[in-house]
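Me: I am new to this structure and would like to examine a single part of it closely. Please take one site as the centre and explain its surroundings step by step.

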Amino acid sequence: MDIPEQRIKIAVQKNGRLTEHSLDLLERCGLRFRQSKDQLFCYGENMPIDILLVRDDDIPGLVHDDVCDLGIVGLNVVAEKRLELGYAGKEALYKQVFEVDFGHCRLSLAAPEGVEYRGAEDLNNRRIATSYTNLLRNYLDTQRVNAEIVYFSGAVEIAPKLGKADFICDLVSTGGTLTANSLREVETLLDSEAVIIQTLKPLAAGKQALVDKILKRLDGVLQVRESKYIMLNAPKAALDEISALLPGSEAPTVVPLDGSDDRVAVHAVCRENVFWETLENLKAAGATSLLVLPIEKMLA
Ligand code: PRT
Ligand code: ZN
């Protein structure tokens with residue numbers, strides 16, 4: 001049986017935009033888990049890896065404090081916490097290891113319709129409502145702007161209507177919330193998506209090996225999302241041109257074709273999506289019998 005300390009803990013958002021994607025990602029790494037009755041914990045059944053289900057804002061802190069070894073959380077939250085620690089004279093004890101390609105959004109400044117905005121200097125001596133006080137403070141400092149930051153824990157978009165702020169700084173994804181509140185986006189402070197963070201604390205050898213293993217699997221899962229396996233037949237003479245057309249592929253495998261001296265079979269892993277245009281260009285370069293297949297698993 002595992003000693004509890006030898007188990008890895010991964011912090012995941014309990015209930016929100018990142019929850020389903022995060023659990024799905026871990027499942028695709030082969031982790032099977034059982035949720036506790038209080039729904040705060042998932043026990044890893046086939047690996048010594050457990051999942052702590054928490055508020056997203058707590059995730060960087062849990063990894064920083066070494067309660068969890070890994071966390072999946074928005075870059076916006078990670079960057080905000082890093083700055084909060086920095087302003088308190090502390091260093092964040094976690095590092096960002098991967099972007100995981102979900103939870104895309106941006107932290108933007110928005111102005112009410114009819115309020116003029118020509119550049120950051122128009123923020124001088126104005127009030128800006130936000131939940132991201134540290135990211136905003138950092139932005140204002142780099143722009144050498146002196147504005148008042150008004151903290152809102154939620155519903156930031158209503159601050160101008162309430163007369164509490166002149167501008168807002170909040171996450172935007174489709175822009176629908178801004179439009180519904182007669183606000184327009186004027187500046188992007190940060191482009192964000194969910195990321196995996198890892199503790200900087202040295203781990204016991206067994207635990208480190210397990211963290212490395214799960215990170216390798218995560219990397220594999222993330223790579224196969226976009227990757228495709230492409231097979232085609234090509235004239236030997238056009239091999240260089242055809243190789244150059246294969247999107248994001250390393251050196252392709254070239255296999256002789258039975259009964260043909262001038263044609264070969266080409267197999268390649270393309271780490272980007274393969275579009276119809278690419279296939280048409282490959283065909284124009286002399287490729288025939290083109291096949292594009294999805295990849296189930298990949299381990300570098
Ligand atoms: O309870 P807990 O604290 O865990 O959840 P939460 O309410 O703080 O977070 P949640 O689930 O709303 O968001 C989790 C993470 O998802 C965020 O930290 C971002 O990294 C990411 N994300 C991606 C978003 C959005 N898109 C998003 N659109 N987070 C919030 N929004 C909100 C935004 O604040 C605004 O109110 O959606 C509204 C704008 O959306 P659009 O589509 O109208 O522009
Ligand atoms: Zn939150």
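How far is an oxygen atom of ligand 1 from an N or O atom in the side chain of Asp 57?

Reply: The distance is 2.8 Å, between an oxygen atom of ligand 1 and an N or O atom of the Asp 57 side chain. The model is predicted: local features need pLDDT of at least 70 and side-chain atom pairs pLDDT 80 or more, while totals for chains, interfaces and linings use all residues. Residues are numbered from 1 along each chain, chains are lettered from A and ligands numbered from 1 as written, and side-chain values use heavy atoms without hydrogens or water.

Two further approaches to the ligand can be placed beside that of Asp 57. The side chain of Asn 76 brings an N or O atom to 2.6 Å from an oxygen atom of ligand 1. In the case of Gly 175, a polar atom of the backbone lies 2.8 Å from a ligand oxygen. Ligand 1 taken alone exposes 840 Å², and the protein buries 78% of this area (Shrake-Rupley method, 1.4 Å probe).

The wider shell comes next. Ligand 1 is surrounded by 21 residues (a heavy atom within 4 Å), and Arg 55, Asn 76, Thr 174, Gly 175 and Thr 177 are the closest. By character, the shell is made up of 11 polar, 5 nonpolar and 5 charged residues, with Asp, Glu, Lys and Arg counted as charged and Gly as polar. Helix H3, which spans residues 75–87, contributes at least two residues to the shell, as do strand S10 and helix H5. S10 gives the largest share, 3 residues. Helices here are DSSP runs of at least four residues, strands of at least two.

Thr 174, one of the closest residues, deserves a separate look. Its place is the loop that joins S10 (167–172) to H5 (176–180). Thr 174 counts as exposed because its relative accessibility is 74% (buried is under 20%, exposed over 50%, partly exposed in between, with a 1.4 Å probe and protein chains only). The side chain of Thr 174 also comes within 3.1 Å of the backbone nitrogen of Gly 176. From Thr 174 to Leu 62, the C-alpha separation is 30 Å, with their positions 112 residues apart along the chain.

Helix H3 leads to another residue, Val 77, which lies in that helix. Val 77 is buried, because its relative accessibility is 7%. Its C-alpha atom is 24 Å from that of Asp 212, a residue 135 positions away in the chain.

S10 also borders a second loop, the one from strand S9 (148–151) to S10, where Ala 155 is located. Ala 155 is partly exposed, because its relative accessibility is 41%. The phi of Ala 155 is positive, about 45 degrees, although this residue is not a glycine. Most residues other than glycine have a negative phi. A positive phi is found as well in Asp 101, near 65 degrees. Asp 101 belongs to the loop between strands S6 (94–99) and S7 (105–112), and it is partly exposed, because its relative accessibility is 46%.

Two more residues complete the picture. Lys 37, in the loop from strand S2 (33–35) to strand S3 (41–44), is exposed because its relative accessible area is 86%. The C-alpha atoms of Lys 37 and Gln 198 are 27 Å apart, across 161 residues of chain. Ile 230, by contrast, is buried, because its relative accessible area is 1%. Ile 230 lies in strand S13, residues 228–235, and its C-alpha atom is 9.9 Å from that of Leu 279, 49 residues away along the chain.

Definitions and conventions:
A polar contact is a pair of N or O atoms within 3.5 Å; within protein, one must be able to donate a hydrogen and the other to accept it, and residues adjacent in sequence count only if both atoms are side-chain atoms.
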